[in-house]
Amino acid sequence: MPRYGKIVVIKRNGTDGIVFPLTSTSCLFGRRTGCDIRMRLPWVSNEHCKIDINENKEAVLTNLSTVNPTRLNGACFEQPIPLKHGDVLTIIDRCFRFEYPLQATPKKRRSRSPKDETLQVI
């Protein structure tokens with residue numbers, strides 16, 4: 001399964017909590033049973049916000065709640081907004097950090113040194 005990143009719950013004491021891997025191109029937050037990340041708080045909308053992965057594999061956050069809007073890095077937003085690694089989204093008083101997956105680092109190609117060469121005498 002591809003991984004498009006992860007959502008890390010930030011506990012009230014500031015430490016990391018549960019990690020939700022993003023393995024599909026959409027992640028729905030809300031109170032409804034079918035939500036990917038379900039929050040059982042009466043102030044959370046049935047469908048509060050969502051993260052979609054676009055064709056460029058960028059995560060985009062959309063607020064779906066008009067009563068208690070989702071905040072990104074402490075600020076409210078109206079239009080869908082691209083997420084950056086480390087962005088914090090807040091729903092009511094619950095915080096979540098978005099992290100892109102670690103990119104596989106390419107292995108260094110070994111350069112050939114003169115001692116790797118063998119001398120051929122014809």
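In this predicted model, N68 touches W43, H48 and I92, leaving aside residues up to four places away in sequence. The residue is found in the loop between β6 (59–63) and β7 (71–72). One of these contacts has a polar component: the side chain of N68 reaches the backbone oxygen of W43 at 2.9 Å, which lies within the 3.5 Å allowed for a polar contact between N or O atoms. The C-alpha atoms of N68 and V44 are 7.3 Å apart in space, although the two residues are separated by 24 residues in sequence. With a relative accessible area of 25%, N68 is partly exposed.

The two strands that flank this loop lead into two sheets. On one side, β6 belongs to an open sheet of 5 strands, ordered β4-β3-β5-β6-β9, in which the pairing is mixed. The edges of this sheet are formed by β4 (37–38) and β9 (81–82), each of which pairs on one side only. Within the sheet, strand β5 (residues 49–53) and β6 run antiparallel and are joined by 5 bridges. Among the residues involved, C49 has N63 in β6 as its bridge partner.

On the other side of the loop, β7 belongs to an open sheet of 6 strands in the order β2-β1-β11-β10-β7-β8, with antiparallel pairing. Here the edge strands are β2 (16–22) and β8 (75–76), and each pairs on one side only. The link between β7 and strand β10 (residues 88–91) consists of 2 bridges, and these strands run antiparallel. In this pairing, L72 stands opposite L89 in β10.

Aromatic side chains offer another view of the arrangement. A pair of aromatic rings is described by the distance of the centres and the angle of the planes. A search of the whole structure finds 2 aromatic pairs. One of them joins F29 and F96 in an edge-to-face geometry, with 5.3 Å centre to centre and 70 degrees between the planes. Because F29 lies in strand β3 (residues 26–30) and F96 in strand β11 (residues 94–99), this pair ties together parts that are 67 residues apart in sequence. Strand β3 is a member of the mixed sheet, whereas β11 is a member of the antiparallel sheet. Both F29 and F96 are buried.

F98 and Y100 also form an edge-to-face aromatic pair, with 4.7 Å centre to centre and 85 degrees between the planes. The two rings belong to residues in contrasting surroundings: F98 is buried, with a relative accessible area of 0%, while Y100 counts as partly exposed at 23% relative accessibility.

The cysteines remain to be considered. A disulfide is a covalent bond between the sulfur atoms of two cysteines. How many disulfides does a search of the whole structure find? The result is 0 disulfides. For C27, the closest cysteine sulfur is that of C49, at 8.1 Å, and therefore too far for a bond. The criterion applied requires the sulfur atoms to be within 2.5 Å. C49 is the residue already met as the bridge partner of N63. C27 is buried, with a relative accessible area of 4%, whereas C95 is partly exposed, with a relative accessible area of 24%.

Definitions and conventions. Residues are numbered from 1 along each chain as its sequence is written. This is a predicted model: local features need pLDDT of at least 70, side-chain atom pairs count only at pLDDT 80 or more; totals for chains, interfaces and linings use all residues. Side-chain values use heavy atoms; hydrogens and water are left out. Rings of Phe, Tyr and Trp (its six-membered ring) pair if their centres lie within 6.5 Å; planes under 30 degrees apart count as stacked, over 60 as edge-to-face and the rest as tilted. Helices (H or I, at least four residues) and strands (E, at least two) are DSSP runs, numbered from the N terminus. Buried means under 20% relative accessible area, exposed over 50%, partly exposed in between (1.4 Å probe, protein chains only). Contact means heavy atoms within 4.5 Å. A polar contact is a pair of N or O atoms within 3.5 Å; within protein, one must be able to donate a hydrogen and the other to accept it, and residues adjacent in sequence count only if both atoms are side-chain atoms. Two strands pair if DSSP finds at least two bridges between them.
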